[in-house]
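Me: Please take a close look at one strand and its partners here. Then move outward to the surface and the aromatic side chains.

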Amino acid sequence: MATTAAVPLCSDTINGAGGGIPDRNEPPMLSAEAVKEFQLALFLENLELSYFQSGLENISTWGTAGYPNDTTKILSKIVAQEEVHVATITNLLSGYGAPVIAPCQYSFPVSSIDEFIALGDIITSLGISALIGVVHRVSYTDPSIVNTVASIVTVESRHDAFFRHVGGRVPDPAPFDTGISNIWAYNLALRFIVPGSCPTEIPLPILPPLTVSTPTAAENRSSAATGIASSIVPYQNSTTIPVNAANTTVTSSDMAFSWDPMQMPLVFEQGRQLFVGWTNQLNTPVYTVLSIIDQGRGVADVPQGLNGAVFVTVTSQLPDNDYDLALATLAGPAALSLS
């Protein structure tokens, strides 16, 4: 491994984080595939750091009424730990002579402490799910470097537990977290990035965005009148184990989805039956029929048994794994927190 100057971290950051950049020696080589994975990881860590820094900067204006007295202190520690994560991955890439991914400009739709805490759950869930995917893929090409990412994932999970707990939600909603593909991770992050502001683009496909909302009363009436939404039995792959309803968390029975129908992936599939693919924990994706209400908008049932971070897409295919579902995505993904 080539040697380069370490990214400087001030003593306050190191003390606040509880430690600095690891001083152990990394493997002598890093594959091209692993370089791409760590560049994606840095891309996501830059986003997280910016989000938490913006919250820390605004928290004195928002106030913390209704939240624990140590909320600001804990957020400061989260910021310090994210700074260490960014510096660690930056050093790793630099040490192998690989290009470092610089921060973009970001736009976060929050204007209050409540909104910041709620979106914090989504942002950290994105980071956790993306890094689980990185661990999985790097374990095949560069198993000796896996611990670096795995050690970050566990800390990210503690961050998420904090946001969920102070937001009045169960900190550990499911026994397993949900891993996602690099394509999904990249596209989820793009939702918070000012277009054209990234100094370096990640060479991954950009997918049409997907918006998820609660159906309007008119949409519910329309779908009920045509018999195409609320009465649908959710489709599941034959390999999917039926869920025991007694062990599930009750959620809204259906959700509305909107997308740009003029995007090329959707134009090519015009006239075909569309589905919503739901990915959660370590389970096979589950699909429900997407009932078209209007151009670029539809309603689909929510499958039972989804807990914690859930990722949804619009697709015309029914793959039995999340990797192939990412390749078959027509719009999305969108990140949800259903319990």
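Reply: Val-312 of β8 has Ala-334 as its bridge partner in β9. This is a predicted model. That bridge belongs to a longer pairing: β8 and strand β9 (residues 329–337) run antiparallel over six bridges. β8 also pairs with strand β4 (residues 275–280), again in the antiparallel sense and over six bridges. There, Val-276 is matched with Val-314 of β8.

Now the side chains of β8. The strand covers residues 309–315, and seven of its seven residues are buried. Ala-309, Phe-311, Thr-313 and Thr-315 point one way. Val-310, Val-312 and Val-314 point the other way. Both sets are buried. So Val-312, the partner of Ala-334, and Val-314, the partner of Val-276, point the same way from the strand.

The surface offers a contrasting case. Met-262 is exposed, because its relative accessible area is 56%, and the cut-off for exposed is over 50%. Met-262 sits in the loop between β3 (254–258) and α8 (264–268). Together with Met-264, Val-267 and Phe-268, Met-262 makes a nonpolar surface patch of about 430 Å².

Next, the aromatic side chains. The whole structure holds 11 aromatic pairs. One of them joins Phe-108 and Phe-192. Their ring centres are 6.0 Å apart and their planes meet at 35°, so this pair is tilted. Phe-108 is in the loop between α3 (71–95) and α4 (113–141). Phe-192 is in the loop between α6 (182–190) and β1 (211–213). The two are 84 residues apart, and their pairing links distant parts of the chain. Phe-108 and Phe-192 are buried.

Phe-116 and Phe-163 form another pair. Here the centres are 5.9 Å apart and the planes lie at 75°, so the geometry is edge-to-face. Phe-116 belongs to helix α4, and Phe-163 to helix α5 (residues 146–166). The pair therefore ties together parts that are 47 residues apart in sequence. Phe-116 and Phe-163 are both buried.

These two pairs meet in one aromatic cluster, whose members include Phe-108, Phe-192, Phe-116 and Phe-163. Tyr-51, Phe-52, Trp-62, Tyr-106 and Phe-162 belong to that cluster as well.

Note on methods
Residues numbered from 1 in each chain as written. Predicted model: local features only at pLDDT ≥ 70, side-chain atom pairs only at ≥ 80, totals over all residues. Heavy atoms only, no water. Buried < 20%, exposed > 50% of the residue type's maximum accessible area, 1.4 Å probe, protein only. Helix = DSSP H or I, 4+ residues; strand = E, 2+ residues; numbered from the N terminus. Pairing = 2+ DSSP bridges. Patch = residues over 30% accessible without salt bridge, like charges linked within 9 Å, V, L, I, M, F, W, Y side chains within 5 Å. Areas by Shrake-Rupley, 256 points an atom, 1.4 Å probe, with all protein chains shown as cover. Salt bridge = Lys/Arg side-chain N within 4 Å of Asp/Glu carboxyl O. Phe/Tyr/Trp six-rings, centres within 6.5 Å; stacked < 30°, edge-to-face > 60°.
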